[in-house]
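Here are a few notes to read alongside the model. Have a look at it first, then go through the points one by one.

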Amino acid sequence: MAIQSSGQLSLMDVGLHPYFGLHSSHGSTIEEGVKYVTALPHNLVAFRCHRFAICNASKQAMIEAGMVLSSNVCTRFGNYCSI
């Protein structure tokens with residue numbers, strides 16, 4: 001479901017889901033990616049990077065953008081995912 005207006009934010013909790021990988025539509029740099037995703041409607045100061053891809057620079061940039069929670073935790077689900 002795409003959020004069309006800020007009024008819809010009251011119906012759900014919405015964090016950010018940036019993608020900092022190569023060829024990202026969010027931007028070609030960490031700074032561009034942060035600027036892009038923080039301009040999207042959201043009401044949580046939380047994020048999880050696409051494909052759990054995070055580095056110190058992108059994490060710091062998201063903190064500086066006001067994020068206080070990162071859910072970049074990849075858990076092991078039986079034998080389906082090895083980490």
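1. Let's start with His-26: is it buried or exposed? Its relative accessibility comes out at 15%, so it counts as buried, the cut-off for that being under 20%. Keep in mind that this is a predicted model.

2. To find His-26 along the chain, look at the segment before helix H1, which covers 30-38. Its side chain reaches over to Tyr-19, where the backbone nitrogen is 2.9 Å away.

3. What else does His-26 touch, if we skip residues up to four places away in sequence? On one side of the numbering there are His-17, Pro-18 and Tyr-19. Glu-32, Gly-33, Tyr-36 and Val-37 are also touched by His-26.

4. Next, go to helix H2, residues 56-64, and pick out Ser-58. With a relative accessible area of just 1%, Ser-58 is buried, because anything under 20% falls in that class. Setting aside neighbours within four places in sequence, its contacts are Phe-20 and Ile-30.

5. Now for the outside. Which residues make the nonpolar surface patch of about 290 Å²? They are Val-45, Val-68 and Leu-69.

6. Val-68 deserves its own look. You'll find it in the loop between H2 and strand S2 (69-70). Its relative accessibility is 67%, so Val-68 counts as exposed, the threshold being over 50%. Compare that with Ser-58, which is buried at 1%.

Notes: Residues are numbered from 1 along each chain as its sequence is written. This is a predicted model: local features need pLDDT of at least 70, side-chain atom pairs count only at pLDDT 80 or more; totals for chains, interfaces and linings use all residues. Side-chain values use heavy atoms; hydrogens and water are left out. Helices (H or I, at least four residues) and strands (E, at least two) are DSSP runs, numbered from the N terminus. Buried means under 20% relative accessible area, exposed over 50%, partly exposed in between (1.4 Å probe, protein chains only). A polar contact is a pair of N or O atoms within 3.5 Å; within protein, one must be able to donate a hydrogen and the other to accept it, and residues adjacent in sequence count only if both atoms are side-chain atoms. Contact means heavy atoms within 4.5 Å. Patches are made of residues with over 30% relative accessible area and no salt bridge: like charges are joined within 9 Å, nonpolar side chains (Val, Leu, Ile, Met, Phe, Trp, Tyr) within 5 Å. Accessible areas come from the Shrake-Rupley method with a 1.4 Å probe; for residues, only the protein chains shown count as cover. A salt bridge is a side-chain nitrogen of Lys or Arg within 4 Å of a carboxyl oxygen of Asp or Glu.
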